[in-house]
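User: Please take a close look at one part of this model and explain how its charged side chains are paired and how far each is shielded from the surface.

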Amino acid sequence: MLRSLSEDVVVNIKDRLRDVRHLLRASRHDNPGGPRRPPVAEPFSPPVEIERLLGRAASVVDDTLTVAETVSRTLLPIVRAGDGARLHGFDAYFATGRTASVEGERLFRRDLYAAFKASQGQEASNRAPLHEAGFSQAHLAIRKKHGELLAAMHTANPNSRLEAVAALAAATLVELLASQPLSGDEAATGSRLVPLAPMTLAAAIVTLSPSGMSDTDLMEATGLAVDARRERILRALDSTEPVKELGAIFRVLLAHLP
């Protein structure tokens, strides 16, 4: 339990540091379109000269942190026992038993957040970072609110497993989106679907039939499928029964994806 609490503290600290880093990058003097301030700061905008000076200060701090990060990774490479692990299936993320449940939550948070970071590439600095703690919140919400879907997946026979996994994947995406703070633009355009929906479908594919495909190839295949059905997915998420509507879409996609 103490280990779990300490991990929660570390994850929340890392999320706060990511928020600060995102603010610094948005405030850089050389940011395309000029420094971006939070909307609440607009009524208190400083004079142009002061804003330019603050932007340059933010650039210096951001550059210093980048150099420190690069040096620390070179001199003190972090090697963890689980590094290099691929996405797991929902059977591993939502295994039964207390010990298995704790380990499943850790895998869920680690794997999906790593997949998210890998999918962002150069666009990561232009978007507000997802909170790693949100993945833990989503995992807990799935266990609390969708127990019947978990039970259906664990007891499904070969004929019903596709439908059970598709329904759980739909619930996972719904809870992942609910666990992350969204800006007005993100909610309207569904930009968070870009990384979250493909990784959810990729985990579902691993659950149904583990293959030799890399996570990158899986994410590319599921990303193309999500892009082709973005409008349908957004309509399903806005419906009164998002898990049911989204599950029907995912069932069709999973039947044809590798």
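Analyst: In this predicted model, R106 has a relative accessible area of 15% and is therefore buried, the cut-off being under 20%. The side chain of R106 forms a salt bridge with that of E103, at 2.6 Å from N to O. E103 is partly exposed, its relative accessible area being 35%. Both residues lie in helix α4 (residues 98-120), and because they are three residues apart there, about one helical turn separates them.

A further pair belongs to helix α4: R109 and E105 are four residues apart, which again means a separation of about one helical turn. These two residues form a salt bridge in which the closest N and O atoms are 3.5 Å apart. R109 is buried, with 7% relative accessibility, and E105 is buried as well, with a relative accessible area of 16%. The pairing extends to another residue, since E105, R109 and E132 are linked in a network of salt bridges.

D111 and R110 provide another case, their side chains meeting in a salt bridge at 2.9 Å from N to O. Here D111 is buried at 6% relative accessibility, whereas R110 is partly exposed at 29%.

As general background, side chains of opposite charge can pair when their charged atoms come close. The pairs described above are among the seven salt bridges that the structure holds.

Technical notes
Residues numbered from 1 in each chain as written. Predicted model: local features only at pLDDT ≥ 70, side-chain atom pairs only at ≥ 80, totals over all residues. Heavy atoms only, no water. Salt bridge = Lys/Arg side-chain N within 4 Å of Asp/Glu carboxyl O. Helix = DSSP H or I, 4+ residues; strand = E, 2+ residues; numbered from the N terminus. Buried < 20%, exposed > 50% of the residue type's maximum accessible area, 1.4 Å probe, protein only.
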